[in-house]
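Colleague: Please take a close look at the paired charged side chains in this model. I would like the burial of each partner, and then a few words on the surroundings.

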Amino acid sequence: MDRREFLVLPAASLAGSLFGATDPVPWQRTIRRIGQLNMTEHDPVELDVEQWADYWKSLKVDAVLVSVTGILAFYQTKVPFHRKGKYLGSRDFFGDCCSAAKKRGMHVIARMSPDLNWADALAAHPEWFQRDPQGQPLTQPDDPRLYRTCMFTSYMTDYMPAIMREVNSLYDIDGLFTNAWPPLGRMPVCSCEQCRRLPAAGSIDYWGKFNERTVDLWKLYDSIAKEKKKENFYFANLGGGIGSTANLVQLGELCEWFQCDNQGRGGDETPIWGCAMQGRVCNAVQNGKMATNVTAAWSTGSPVRWRNIAKSEAEDRIWLDETLASGMVPYHHIVSGETGIGEDHRLLDPVRRYFEWTAKHDAHFTTKRSVANIGVVMGQRTHLFYKPPRGATMAEHMNGLYLALVEGRFFFDFVHEEKLDAGNLRKYSALVLPNIALLSDAQCRQLREFAGRGGSLLATFETSLYDERNRKRADFGLAELFGIQKAGEIEGTNGNAFSCRIERDHPILDGFRDTHLIAGAEHRVPVKPVDRPILTVVPGFPAYPPELAYPNPSHSDEPAIVVRENGKSRLAYFPGDIERTMWRSGHTDLDRLLRNALRWVAGEDAPVSVEGQGIVEAFAWETQAGFAVHLLNYTNPGMHRGWLREFFPIGQQRVRMKLPSSVRVKRVELLRAERDAPFRVDQGAITFTVPAVEDYEVAAIHV
Ligand SMILES: [Zn+2]
């Protein structure tokens with residue numbers, strides 16, 4: 001595989017590539033900033049519409065979302081059961097906001113929430129609502145006066161279209177948006193009359209029906225949006241990362257605007273990269289179309305939130321930084337306009353300064369495609385349906401791997417398991433399969449073909465042990481490729497986890513000194529012995545009492561890693577849940593093993609490298625203006641648990657990036673520091689130094 005191929009492929013995105021050369025670029029693909037004040041029932045008598053519109057204009061946003069309905073109408077609707085808010089009176093609040101935004105040249109998206117309605121609707125249309133197994137309607141926990149509607153009923157095909165068409169008929173809007181549908185986080189569990197006819201909730205067959213319904217409704221609403229004008233479109237609230245409910249590849253085909261409702265962290269144990277990780281998910285499925293991450297300036301988190309109070313400015317800023325670095329469009333979200341535009345102006349001014357800064361550099365944030373040599377297979381089916389050993393989660397696998405990738409400063413993309421075709425994999429020298437348990441025979445074949453073309457693979461634990469319907473295979477689907485054979489069921493840990501005995505030298509063991517033993521994982525799939533193993537399993541034993549804490553036996557021929565080389569293709573399989581155990585235990589042996597293994601499979605010829613101190617998540621992009629290298633500084637005590645209180649700047653970062661021979665670099669501009677960096681171009685690569693990074697730096701390479 002030509003490791004420079006990443007630069008000579010045709011640009012697979014943005015303006016033009018998905019359309020004929022003469023077609024204009026749809027407006028939504030030129031959006032660079034978005035704003036939303038989520039309106040409350042009280043806002044018709046509180047919000048100052050002119051001040052609201054001026055604020056968004058001052059942020060240079062290209063579009064605002066304006067509430068049509070959550071549970072309450074913000075205009076004089078005639079649709080039955082579309083209840084008007086008690087402060088609306090005779091006012092056309094939506095219309096006033098829509099006109100004020102349009103007068104200032106901003107696009108207006110009509111925002112709806114189809115998830116809840118009131119008791120009068122329940123009485124007249126009992127068939128619209130979700131039911132528990134006893135047939136009782138399901139209520140909203142925060143306010144039990146509200147009942148949860150069911151997406152499989154005519155609520156979605158009669159009631160919602162009636163509102164959409166009424167809004168189309170009254171207002172100069174540019175698109176329709178639904179909040180709270182499709183459901184985020186988990187699929188509905190409903191026993192209404194419609195749902196009783198569906199396969200069991202949570203099953204793969206149910207998922208099939210759920211996806212069918214989602215696609216059908218999406219197409220219906222999009223066709224209604226286009227009844228207004230052909231440039232209009234429909235989109236919905238998404239996000240949810242890899243474990244998103246609806247099939248992401250199907251949505252990627254439909255979705256003009258991938259709206260990620262991933263608004264921020266609280267004080268819970270959530271790693272800092274939540275937004276950047278979401279951006280990678282979008283890049284894997286959006287085929288270069290627009291994605292945005294909704295960043296809440298208000299206080300996100302659990303167990304409590306403050307919708308009208310600002311979160312820490314540093315936490316808000318890193319989320320916006322991650323949005324841009326991962327190729328998404330920043331979206332500023334606030335709730336409620338009491339006393340004009342809210343009483344806490346910390347929600348307003350910092351983001352205005354931030355957006356003014358991004359607006360100066362739009363060409364550098366308009367990405368064409370990522371520069372990366374590693375593809376991490378996402379495994380949406382595995383995240384939704386695989387049952388890990390007790391106490392384990394798939395999120396732990398992804399976070400462990402993510403940490404190793406960040407600490408190792410690798411340049412990687414996510415790749416959806418339904419997009420393993422040769423064209424989509426061309427740019428990668430290696431693929432990583434972090435316990436991607438569910439893989440179809442066809443997907444296993446695509447992975448074998450990738451290796452056959454010289455690609456390398458790193459897999460862990462139960463990867464390929466299940467088919468796409470979550471049926472367990474007798475042996476790994478990728479057994480032949482990795483040269484492995486399953487020798488038994490999963491072994492867990494009772495006290496002291498297994499250890500690995502070093503049998504011989506290998507680059508994956510670089511840096512281990514003065515020991516014959518290193519840490520193993522919490523769980524492993526026993527595999528049969530292989531020739532010349534480099535690490536073998538020393539079985540676990542009790543941790544307490546200490547008298548029993550010794551290896552017995554102290555040696556086995558069961559491999560703890562299996563490696564192979566076929567020409568350029570390097571293959572490494574860890575039978576342990578190594579990335580997950582590393583995440584849970586923090587063990588540095590596992591971290592080193594993972595990073596060494598990633599480096600070994602990726603090969604020496606990385607397209608970009610960034611060297612220096614600190615924990616940095618890095619992205620590189622081909623942009624409208626040339627290229628850009630983004631550095632996010634995660635060196636912070638708030639890295640694993642929100643919020644950031646302040647930033648801790650890091651020093652010099654030395655960047656080296658390969659460039660196509662046809663490229664002439666004019667300047668390297670550090671967008672955050674607002675100064676140029678001296679650079680050198682030598683042997684097809686540019687090198688320069690970023691002197692310091694506070695929270696974020698973008699080295700924009702003008703060509
Ligand atoms: Zn139902």
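**Salt bridges and their setting**

Modeller: Arg346 has a relative accessible area of 55%, so it is exposed. The model is a predicted one. The side chain of Arg346 meets that of Asp344 in a salt bridge, with 2.9 Å from N to O. Asp344 has a relative accessibility of 11%, which is under the 20% cut-off, so it counts as buried. This pair therefore joins an exposed arginine to a buried aspartate.

Lys472 and Glu489 form another salt bridge through their side chains, at 3.0 Å from N to O. The two residues lie 17 residues apart and link distant parts of the chain. Lys472 sits in the loop between β18 (456-460) and α17 (479-482), while Glu489 belongs to the loop between α17 and β19 (499-502). Lys472 is partly exposed, at 40% relative accessibility, and Glu489 is also partly exposed, with a relative accessible area of 49%. Both values fall between the cut-offs of 20% and 50%, so neither residue is classed as buried or exposed.

The pair of Arg580 and Asp577 has buried partners. Their side chains meet in a salt bridge of 2.9 Å, N to O. The relative accessible area is 2% for Arg580 and 0% for Asp577, so each is under the 20% limit for a buried residue. Elsewhere, Arg317, Asp321, Arg672, Glu694 and Asp695 are joined into one network by salt bridges that share partners. Over the whole structure, the search finds 47 salt bridges.

As for empty space, there are four cavities of 30 Å³ or more. The largest cavity holds about 60 Å³. It is lined by 13 residues, and those closest to its centre are Phe498, Cys500, Ala560, Phe574 and Ile578. Its lining is made up of 11 nonpolar and two polar residues, with no charged ones.

Helix α9 (residues 274-285) completes the surroundings. With 12 residues at 1.5 Å a residue, α9 should span 16 Å, and its end C-alpha atoms are 18 Å apart, which agrees. Of those 12 residues, 10 are buried, so α9 is largely enclosed by the rest of the structure. Among the buried residues of α9 are Cys275, Met277, Arg280, Val281 and Val285. Just after α9, Asn287 adopts a positive phi of about 50°.

Note on methods
Residues numbered from 1 in each chain as written. Predicted model: local features only at pLDDT ≥ 70, side-chain atom pairs only at ≥ 80, totals over all residues. Heavy atoms only, no water. Helix = DSSP H or I, 4+ residues; strand = E, 2+ residues; numbered from the N terminus. Expected span 1.5 Å × (residues − 1). Buried < 20%, exposed > 50% of the residue type's maximum accessible area, 1.4 Å probe, protein only. 1 Å grid on protein atoms, 1.4 Å probe; cavity = no way out; pocket = protein on both sides within 12 Å on 5 of 7 lines; lining within 4 Å. Points joined across faces, edges and corners; volume = space filled by probe spheres on them. Nonpolar A, V, L, I, M, F, W, Y, C, P; charged D, E, K, R; others polar. Salt bridge = Lys/Arg side-chain N within 4 Å of Asp/Glu carboxyl O.
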